[in-house]
Amino acid sequence: MKHLRIGFFSSHGGSNMQAIINACKEGYLNGEPCVVISNNPDSIALTRAINEGIPHFYRSQKTHPDFDDLDEEILKILKEHSVNIIVLAGYMKKIGPKVLKDYKGKILNIHPALLPKYGGKGMYEKNVHEAVITNKEKITGVTVHIIDEEYDKGPIINQCEVPVFENDTIDILANRVLKKEHETFVETLKAISEGKIII
Ligand code: GRF
């Protein structure tokens with residue numbers, strides 16, 4: 001049983017992060033939320049970190065204009081908090097090469113579709129669900145994958161389907177998918193900590 005020391009990167013709402021924090025607090029997940037890093041000083045994710053008493057840092061190209069410095073700074077924060085797994089919970093920025101190298105294979109992202117479908121450039125947030133509805137898909141879903149240099153292309157470690165109904169609006173579908181994301185992210189981390197998914 002591996003104890004996960006989780007570092008979250010989040011730009012906005014952080015609802016996936018909150019679901020994972022809750023699972024840790026309930027003892028469902030053998031993990032500890034160690035630090036939250038956000039590129040957005042006004043993100044709800046940072047407010048959630050404050051409310052939960054989790055160390056949190058606003059770091060961006062505004063605080064560190066040089067991308068390499070920023071990369072180094074983020075790596076330093078992760079090390080200082082003994083993070084052993086990074087969870088990208090709606091993080092809209094590129095991960096620097098130092099963090100990518102140090103945490104190779106240990107950076108997880110969730111995508112609101114069944115990759116490789118509806119991934120890649122421009123495929124984020126509502127754009128994904130809009131494309132799914134426009135293409136009259138009957139099934140969409142969520143994908144947890146490892147992040148490497150290429151976005152949305154790292155190895156997939158878990159996927160779950162979500163039905164698309166005829167009268168779905170983008171918002172209705174987005175909500176249904178987001179709920180599934182919360183569940184899937186927690187289950188994936190649990191499977192990692194129990195050695196059922198090897199990363
Ligand atoms: C989710 O839909 C996730 O798939 C995508 O960004 C959204 C983040 O939501 N990567 P939240 O910040 O976890 O609420």
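**Two loops and a ligand site**

Visitor: In which loop does Ser82 lie?
Guide: Helices (H or I, at least four residues) and strands (E, at least two) are DSSP runs, numbered from the N terminus. Ser82 has a positive phi of about 50° although it is not a glycine. Its place is the loop between helix 3 (67-80) and strand 4 (85-88).

Visitor: What kind of model is this?
Guide: Residues are numbered from 1 along each chain as its sequence is written, and side-chain values use heavy atoms, with hydrogens and water left out. Local features need pLDDT of at least 70, side-chain atom pairs count only at pLDDT 80 or more, and totals for chains, interfaces and linings use all residues, since the model is predicted.

Visitor: Which peptide bond is cis, with omega near 10°?
Guide: Look in the loop between strand 5 and helix 5 (126-134), where Pro116 lies. The cis bond runs from Leu115 to Pro116.

Visitor: Which charged residue is in the shell around the ligand?
Guide: The shell holds 3 nonpolar, 6 polar (Gly among them) and 1 charged residue. Asp, Glu, Lys and Arg count as charged. The residues around the ligand, each with a heavy atom within 4 Å of it, include Ser15, Ile110, His111 and Glu181. By that rule the charged one is Glu181.

Visitor: How far is an oxygen atom of the ligand from a polar side-chain atom of Ser15?
Guide: A polar contact is a pair of N or O atoms within 3.5 Å. For Glu181, a side-chain N or O atom is 2.7 Å from a ligand oxygen. For Ser15, the distance is 2.6 Å.

Visitor: Which helix supplies at least two residues of the shell around the ligand?
Guide: Strand 5 (107-111) supplies at least two. The other element that does so is helix 1 (15-25).

Key: Polar contact = N/O pair within 3.5 Å; in protein donor to acceptor, adjacent residues only side chain to side chain.
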